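Let us look at this structure together, with a learner asking how its features can be read and a teacher answering.

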Protein chains: 2
Amino acid sequence: MHVNFYAGGTLDRTAPLRRDDAHFQALLAEPVTRVVAVWRDRNLIRTDPEPAAIWLTEPAAVAEAVSAARTVALLGRGDGCPYVAVDLSELDDPTVLAGIDRAEDFIGLRDVSAAMNREEAALLAYAKGLMFWHGRHLFCGACGAPTHVEASGHVRRCTNPDCAVQHFPRTDPAVIMLVVQGDRCLLGRNRRFPFKLYSALAGFVEPGESLEEAVIREVLEEAGVHVGGVRYHSSQPWPFPGSIMLGFHAEGISEEIVIEDDELLDAQWFTRDQLSRIDGQDMRLPRSDAIARQLVDAWLRGDVAF
Amino acid sequence: MHVNFYAGGTLDRTAPLRRDDAHFQALLAEPVTRVVAVWRDRNLIRTDPEPAAIWLTEPAAVAEAVSAARTVALLGRGDGCPYVAVDLSELDDPTVLAGIDRAEDFIGLRDVSAAMNREEAALLAYAKGLMFWHGRHLFCGACGAPTHVEASGHVRRCTNPDCAVQHFPRTDPAVIMLVVQGDRCLLGRNRRFPFKLYSALAGFVEPGESLEEAVIREVLEEAGVHVGGVRYHSSQPWPFPGSIMLGFHAEGISEEIVIEDDELLDAQWFTRDQLSRIDGQDMRLPRSDAIARQLVDAWLRGDVAF
């Protein structure tokens, strides 16, 4: 069972307690409670001496943040401390709050996460993903009325009594697959990728298709390559903003690459030998905190056979 | 690679063509186009002599249905025929339309699918799932303004020019896992299940967790059993109304069952011998079109070891 970055934390999500409002209110007043601040697409992180989460813990700071937040959600309990996320996105300047010293301390998690403690990175990713979902569900999609928060921040319900639909947090399943054929694997360079990064192909799962069908469809759409066998490897939470990556190895059963998709600038077959000689100048592989790199490394180690 | 019911069809989703409006309009006028009608949570299905989809194909019927529909979406192309879904939910009586003879022909897919052609069942499930998503996204969750349809029915965009957020079809990943321990497996009876049905435990994946973490968390929450190894088996589209089931076998590493969850009425360890003697009177197992049954059968065959 392969555990990817952003997973494998020890947080107890305490899901059965979420419907107990009194529990949540009491917990906000616990002296050991740690508040995880999210501002727009950023987390509160210190970078010196190395990247680490900044929790709000002082009672005054906690009370101010909870009161200023658009949404407050119970994340769970770890090491004896309750963790609570607050979404401060409606503040133009979050430094008006106690405990938040500099606007620059709100940082894109992906920019620093590779150097972070895995457990903290997982917790910040969870907070960020949940708050993004709230921001996209302030109104009811069925009737347009405002929604309000229930279940300690894990449900939004429509305030229109004739509708009253419950909306649950959304996670978009996406498949990511390393297509292999003998001693070669297929990597693509996405239009949105930074300089010379080649990675595994990926795409969202559509309604009414299995993961395996999504793998086959996406490889054909993006690179024109036909896929036979498909083998699950592992999964990775990827709340950037709201996905889970489902990693596969897939057997390429055709060779010619045809890029018809707008997403890819290039795709090529690479041998193990070529990948072992990459120097970072002409091309780069994904960072080791991305499941894509884990798929490549597993194949390089010889863990994959069709 | 195990292929479950509702998957494995040969439909080409023609995703790269969706942004071409002229293509979609032209296709609606093709004489071989088949319209898949969805009304509220039901599909248009004939049951005599056996369950099969009713397509609208007459040009007049197609035009009427498209014009009356709240949403029209391109499903793809199969056997040379374009397939188009229409959501007729806003009509109180869909039989006012040409080609729809009886309101009773709208049937819950799950009630008859086990006796249907797999390919047709997959197509109807896809149409139903996509239309459910549309009905829940008529308004923008970020700002409350109405949304309109783009990309041949695969995107909804907010009509408020200051927002203009795109909303994409939603599929909720859910894990479903057969916990095994030596010669026994863990099955539960859900409060919502019909009479005496025992099945694998299941639950939705939450933001910021891996599939494997969701398996471990759900088994502990629902049955109080601790899980060690987790092994992926297969996946199944489950648009009832909008899930994909991700099937696992999991190794139970504790024995005592503690039901704290509201969802389960009962959970028990069953031996292979007990399951082989089930007569349908005292308990039932899931139908073979459900991935839960495939997980049980794989274990009964001895395909699973930890």
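**Reading spaces, copies and a helix**

A: We can begin inside the protein, where the largest cavity has a volume of about 30 Å³; please keep in mind throughout that this is a predicted model.

Q: How many cavities of 30 Å³ or more are there, and which residues line the largest cavity?

A: Rolling a probe the size of a water molecule over the atoms shows where empty space is left. Here the count of cavities of 30 Å³ or more comes to one. The lining of the largest cavity draws on both chains, with A:P207 and A:G208 from chain A, and B:G129, B:R170, B:T171, B:P239, B:P241, B:G242 and B:S243 from chain B. Sorted by class, these lining residues are three nonpolar, five polar and one charged.

Q: What surrounds the second largest pocket, and which residues lie nearest its centre?

A: The second largest pocket holds about 800 Å³ of space. Its lining is made of 34 residues, and those nearest the centre are A:G9, A:T10, A:L11, A:D12 and A:R13. Two elements give two or more residues to this lining, namely helix 4 (118–135) of chain A and helix 5 (211–223) of chain B. By class, the lining of the second largest pocket contains 15 nonpolar, eight polar and eleven charged residues.

Q: Which rotation and what shift superpose chain B on chain A?

A: Two copies of a chain are related by a rotation about an axis and a shift along it. In this model, chain B is superposed on chain A by a rotation of 180° with 0.0 Å of shift along the axis, and the RMSD is 0.0 Å. That is the relation of a two-fold axis. Within chain B, the C-alpha nearest the axis belongs to B:G144, at 2.4 Å from it. The copies also meet through the same surface, because 100% of the interface residues of chain B are interface residues in chain A as well.

Q: Is helix 7 of chain B mostly covered or mostly open, and what covers its buried residues?

A: A residue is called buried when its relative accessible area is under 20%. Helix 7 of chain B, residues 291–300, is mostly covered, with seven of its ten residues buried. The buried ones are B:I291, B:A292, B:Q294, B:L295, B:V296, B:A298 and B:W299. Among the elements of chain B that cover them are strand 11 (172–181), strand 14 (227–238), strand 16 (264–271) and helix 6 (272–276). After helix 7 of chain B comes B:G302, whose phi is positive, near 85°.

Technical notes
Residues are numbered from 1 along each chain as its sequence is written. Chains are lettered from A and ligands numbered from 1 in the order in which they are written. This is a predicted model: local features need pLDDT of at least 70, side-chain atom pairs count only at pLDDT 80 or more; totals for chains, interfaces and linings use all residues. Side-chain values use heavy atoms; hydrogens and water are left out. Copies are superposed by least squares on the C-alpha atoms of residues with pLDDT of at least 70 in both. Contact means heavy atoms within 4.5 Å. Buried means under 20% relative accessible area, exposed over 50%, partly exposed in between (1.4 Å probe, protein chains only). Helices (H or I, at least four residues) and strands (E, at least two) are DSSP runs, numbered from the N terminus. On a 1 Å grid over the protein atoms alone, a cavity is a set of points where a 1.4 Å probe fits but cannot get out, and a pocket is an open set with protein on both sides within 12 Å along at least five of seven lines; lining residues have an atom within 4 Å of a point. Grid points are joined across faces, edges and corners, and a volume is the space filled by probe spheres set on the points. Ala, Val, Leu, Ile, Met, Phe, Trp, Tyr, Cys and Pro count as nonpolar, Asp, Glu, Lys and Arg as charged, and the others, Gly among them, as polar.
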